[in-house]
Structure formats: C-alpha cells, structure tokens
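Q: I'm new to reading protein structures. Could you walk me through some features, one at a time?

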Amino acid sequence: MTDLAPEQGEQASRRRPRRWHILVFLAPAVVIYTAVMILPLFETLRQSLFNVVDGERAFVGFANFATLFGDPRWASDFWNALGNNFVFFLIHMAVQNPIGIALAALLSLPGLRFAAFYRTAFFLPTLLSFVIVGFIWKLILSPIWGVAPWLLDLVGMKSLFAPWLGKPGSALIAVSLVSVWQFIGIPMMLIYAALLNIPEEVIEAAEIDGITGWGQFFKIKLPLVLPAIGIISILTFVGNFNAFDLVYTMQGALAGPDRATDILGTFLYRTFFGFQLQLGDPSMGATIATIMFLIILIGVCIYLFGIQRRIRRYQF
Amino acid sequence: MYRTTLQGVLLASSILAGVGSAMAADVTLNIESWRNDDLQIWQEQIIPAFEAKHPGIKVTFSPSAPTEYNAALNAKLDAGSAGDLVACRPFDTSLQLFEKGKLEDLTGLEGMKNFSEVAKSAWTTDDGAKTFCVPMASVIHGFIYNKEAFEKVGAEVPKTVDQFFAVLDKLKEDGTYIPMAMGTKDMWEAATMGYQNIGPTYWKGEEGRKALIAGTEKLTDEPWVEPYRVLAKWKPYLGDGFEAQTYPDSQNLFTLGRAAIYPAGSWEIALFNTAGLKLGAFPPPVVKDGDTCYISDHNDIAMGLNAASAHKEEAKVFLEWVASPEFASIYANALPGFFSLNSTAVDMSDPLAKEFVSWRETCKPTIRSTYQILSRGTPNLENETWTESANVINGTDTPEAAAKKLQDGLDSWYKPAK
C-alpha cells in the first residue's frame, strides 16, 4: 500500500459524496427488525423487573427472579422444564445430527441413483407445519386408530407397543424423536453442501495415498465439514431452547403427562398467557422469557468464543 | 403495537356500527358470545321470539371463537366497541370485568328472583351482595351408557358404587365392549368427567365445597381423597392405551358403539344423539343404597350488561326476558344438554336431556369444587387437579400423594378467612 499525502486523502473524501443510499437501503430492514424484534426484547427484559403490587404496577427489582428460583413450586417447575429441555436438546444432538451427517455422506456418494428423490423426501418434513406434524404423529402413535400398533402387529411385535405419548417415562423421548424426524433435513442439507464443497483434488490425493471408504470419511471429509457441524449444533441449541409448537400441539399446554414434556417454551406460554382457569401473569412470564434469553445467549457465547475459534478452517 | 392497532380497528368498526344503528329507527342490541355453535338457534328461534313481543328492539347475535372470546371481549370493552350484551364466563373471568366497572350491576333486576343462590353463585361477588350477570345455562355431569351393551351382558343400571364396579366387571368379562370410554392424555377428562363427576357424592356437594373455601376442610381429608381412590380403580376398565387416548378419541369410541359407559357432561347429548345409538344415563353412583346423591350442576353461561352501552333500558328489557321461563324453555329445548338455571321447571323433549335434568329433583346440585375463588392463585388448583387426576388413574401418584400435592399447592397462596 502506498502512503497518500494527507492533503490527497482529504481531497479524496471531499470528492466522494456521502453515500446516503447505504442508509436508505439498510433502513427498511433495520426499522422493521427494531420494531418487531429489538424493542419487544428490551420491553420483555424491562417487564421482568416489574410486577403488580397492591393493584399497581411497580418496579420490584429482581424480586421476580427471586420468586422463580426461590419459591419451591416455581423453582421445581422451572428446573423440571429446564431439565426436560436439556434432554430434548441432547436427543437432537445424539440422534438428529449424526443421522443427518450419515444421510448427507450417503447422498454425496458418486453414482447414487435417485439421489435427488431421497434428498427431497428427507427434507420434505421440515417444510411441514408443526401442527400438521404433531397431528399426524399423534394419529400414527394413537393406540386406538394408529398405524404404529397395526404395523407392529403385522410383524408380530404388538407387545412392544405402548401408549408412548401418555406415559411419563416415554413421552418426552417420543416427542423429541418426532421433532428429530421433522428436522433431520436441515443438518443433512448443510453437511451435504459442505461435502460437495470439498475439492476433487483433496479426495484424489487421499485415494493416491490409499485412504478410501470409511477411513476417507473420518480422516478427510469429517474434519473438513467440522465448521458446518458446529453451525448445526448451535442452530439446534437455539431451536430447541426456543421450542414450543410441537409440544403444544402434541401434548397440550399442560405438557403432560405429569409435566413430563414441559419445556421452557410451554412453561413460558402457560405463565404468560394463562391457561383455562389460570390467569396470565405477564411479569413472571417476562421473567421466564428473560432467563430463556440468557440461557441461549450463554450457549451461543460458549460456542462463539470457546468452540468456533478453535475449529480449523481449510482454504483451498 | 398490535393491541393499539386492534383497538383502532375496533374503534373504527364501532363508529361505523354506530352510524348504522343511528339511521335505523329501532334500537339494535348487540350480543357478544363465544357460542358460535348456537348462531343458528339464536337467529331462528330465540331472537324472533323476543322481537315478536318487543317491537322497536332489534337484536343481533355476534359470537366469536371460544378460544379467542376472553381476549377479544377485553379488547372490545377497553376500546368501547363491545356489544350491549355480553355472554359471561363463570367466576373470576367475569368477576374481574365487573370489578373493573365494565359490567353493570344487575342485582336489582326483577327477573333475578327466578334464580337460586347456587345458580347465581358464578356471577356474584365474593360477599354475595351483587350479581352482575343473568344465569342462562348449566351443564350436568353423569354417566351415559349404551343400552345395547347393558342388555348384552345383562347389566342393570347401577345405583351404588359396588353395583357400578360389578357392571364394569361384567362388561370386561364379556369383552365385546370397552367397559368405559375415557382417556388421560388430555387430562381434563380425568379431572372434569372423573373427579368432579363422582366427587360431590363423597364431599357432600356444596357443604364440602364451601368448607374447602372456608378452610375447615382440606383436600387431604377423607371426603376429598376417597374419590381419588375410586378413580384409581377405574384403570383396568379403560380401553387399551388409555394413557394416550384423547378426548375426541373417547367420544369416537363411544359414538362408534365400541364402548359401553361414558363419563359425561350433558353438553355431549347433542353430539351423541346423532350417533343413532340407544342411550341412557345415570347419575354418579352413591356409596350405600339410600344415600343422598349429589350431582355436579355446573354454571356455564350467563348474560351481562355492558356498562358502556348506549341502550341500557332496552338491554334490561332483554335481560328480563332472558330471566323469564319463556326464554328458559326455548333455550333448553334448542340446546339439549345446556340446562336452564331458572327455578321454574322447563319441559324438555329430548329424553336423554330429560333424564339428566330429572336428577335435580332427587339429588343435591353443586358446582365444580375448584372454580370459585380456589383457582385464583399460582399454582392454579384447577390445572393441578387435571394433572393429578390423570396421575392417579395412570398410577403415577397414589390418591394420598395426589391430594397432598394439591393441598400443598393451595396452601402456598390461599389463606382462608378464619
């Protein structure tokens, strides 16, 4: 870079007109995003510091948080929801992402027939609405009209069937797996794209060195798609800790049986909007929403500062 | 943001509506309701009957979806665009509106003397001094049974709890029918059709309910735990996989003729009548033959007067008519299963509805124990009762543990006046 004489630089900036169009083009997105996302977020954070005292809305500091963590009933509901949410997340990490990666690896095999068909078929559920997915699976798993008990009966394994959605021990796993079924397309697509980005030369060089098959996948391809796996993990984390719809459509707002499928989203919904005879409590609802926001913020920070920086990227 | 926009739209629509009514010579009264299923009945039977007798007053019935009603009504009342007459939900939802001054005090209405204290309890202030909605209808709990199923196994209609379980045993042995159609997936079935259905027999209806509110009885006392013990015994008689059986599943099982007994609310009558089955009904069985029977006769719907209405005089004329035996008779016959709360006996033509309402003469009525006052705090007693009733039937909790959880939850916020 050549140094410019100071007066030359001044001239350059004088000659260049102010680029208003940048602001103009940014404005719609910034205004809309601020109005529908940022302002409500801050309003929620603010509301969590207020509550109704003697019929008047008053500033209460962190009293709402003290109730949420200090009152044994609130705390038990909260920790139950948080624990369930972690189970929900872990099942996604343990089932959805490995299977997604495996499917992507299979799809990227050269010479696979009907690859486009499989790709579409695996991705299709992701496009469906939660309500449809929830309803379909509720019907499939219904012990009375469901396809699942009938199919198991056909292969003589009816005894394995149980009303999974109605048992406290299995309901959360069943709901998580339905969610996995729905979203398997997302890790698959992202990894598939990453795998296609690996240059032929690298693969050829590996083959010349005698690394093929499984070895090639684990030693060459997997390290190269690690950044994509990182992104998927964080997307899964954010998605799971914000989840609500599927549990609500499949198990209702009380997230039964016996709070077994209650995650932070349904807990927030019940508290904020109320349910049946329970009247809504915006202050405690905002408190829970704030905690959810913090959990996701911490999770994302851990990823950004702890993991993403250490992932090695390869430039080709 | 959303709310103000909504209010703006509502305000605009109310101005337009105001212009419309100003041009008409007659006074038009608007009714807000969540019963959109009843639109036809109002338009074809109820409103013509009223208008024929009261020339000069026109009535329009404009219902909204049940799940949106409370929120929509609140927004409309705040914006001043709500109808003149407002359908009232029972207890706290309406009480709140009255306390905020949105509903007119109707204690002085002439027709109020046609209603008993229990009938008015859902729309009266805690001290019983003021009533703010005219009671319209209640729903009664009991059991509906398939007569063919009973004939097949040679069962008699049970009167006592022992007979009830003997019938269930017979049905189970026979195996043609699922003895009882109920699931625990949606949870409220277990609480509303189970616990609140058979419970009043044990806690002696109003006596127990009031004692609970006064704090002289607790949910852990025998009369409140015993119904849970009975409920736990239902488990073997429910269909395969009842843990994942939803409310529509139960309805379908019964209307398809696959189940013999259905723990019911009277609102099912209209639907079940379309199934073409021979049906009968019996009240919750008593412990010993000759005991007083108790039924849950739960206040469900009433009508109040919007305090901001421009036509209060005309609206009061309409409310007087709603309180009259004439309205009661039209309403109860048009909607079998929604029983008039009027003290005057109403002639009904539907046999199943008649059977249900006949229990009012032999049994003592009460309302659902969790609805008045006790569901004001957090944790919400009604919602907890759903969860625990399902837990008891599923076997997740023992009856004693369930009762203790409920009482602990109630104790954490409710301090009865001593």
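Q: Let's start small. Which residues does A:Gly134 touch, not counting residues up to four places away in sequence?

A: Keep in mind that we're looking at a predicted model. Leaving out those sequence neighbours, A:Gly134 touches A:Leu246, A:Thr249 and A:Met250. Take A:Leu246: along the sequence 112 residues separate it from A:Gly134, yet C-alpha to C-alpha the two are 5.9 Å apart in space.

Q: And where is A:Gly134 found? Does it count as buried or exposed?

A: Look at helix 6 of chain A, residues 130-140, and you'll find A:Gly134 there. The residue counts as buried because it has 22 C-beta neighbours inside 10 Å, and the cut-off for that label is 20 or more.

Q: Now strands. In what sense do strand 1 and strand 2 of chain B pair?

A: A general idea to start with: in a regular strand, side chains alternate between the two faces of the sheet. Here, strand 1 (residues 27-33) and strand 2 (residues 57-63) of chain B run in the parallel sense, with seven bridges. One spot to look at is B:Leu29, which stands opposite B:Val59 in strand 2 of chain B.

Q: Through which helix does the chain cross from strand 1 to strand 2 of chain B?

A: Through helix 2 of chain B, residues 39-53. That makes a β-α-β crossover, and this one is right-handed.

Q: What about the largest nonpolar core: how many residues does it have?

A: In soluble globular proteins, nonpolar side chains tend to be buried together. The largest nonpolar core here has 154 residues, and B:Met180, B:Ala259 and B:Met303 have the most contacts inside it. Strand 4 of chain B (residues 133-146) gives the largest share, nine residues. Domain 1 (2-136 + 299-349) and domain 2 (140-297 + 367-411) of chain B both give residues to this core, so it lies between them.

Q: Which residues is B:Met180 in contact with, leaving aside neighbours within four places in sequence?

A: Among them are B:Leu168, B:Trp234, B:Ala259 and B:Pro263. There's also a second, separate core of 13 residues, including A:Ile101 and A:Ala228.

Q: Last one: how many residues of chain B are in contact with chain A?

A: People often give an interface's size as the accessible area lost when the parts come together. Here we can count residues: 27 of chain B are in contact with 22 of chain A. Helix 16 of chain B supplies the largest share of chain B's side, seven residues. By type, that side divides into seven nonpolar, 14 polar and six charged residues.

Methods
Residues are numbered from 1 along each chain as its sequence is written. Chains are lettered from A and ligands numbered from 1 in the order in which they are written. This is a predicted model: local features need pLDDT of at least 70, side-chain atom pairs count only at pLDDT 80 or more; totals for chains, interfaces and linings use all residues. Two residues are in contact if their C-beta atoms, placed from the backbone, lie within 7 Å. Helices (H or I, at least four residues) and strands (E, at least two) are DSSP runs, numbered from the N terminus. Ala, Val, Leu, Ile, Met, Phe, Trp, Tyr, Cys and Pro count as nonpolar, Asp, Glu, Lys and Arg as charged, and the others, Gly among them, as polar. A residue is buried if 20 or more other C-beta atoms lie within 10 Å of its own, exposed if 12 or fewer, and partly exposed in between; C-beta atoms are placed from the backbone. Two strands pair if DSSP finds at least two bridges between them. A crossover is right-handed if, with the strands pointing away from the viewer, the path from the first strand over the helix to the second runs clockwise. A nonpolar core is a set of buried Ala, Val, Leu, Ile, Met, Phe, Trp, Tyr and Cys residues joined through C-beta atoms within 7 Å. Domain bounds come from an automatic or database domain assignment.
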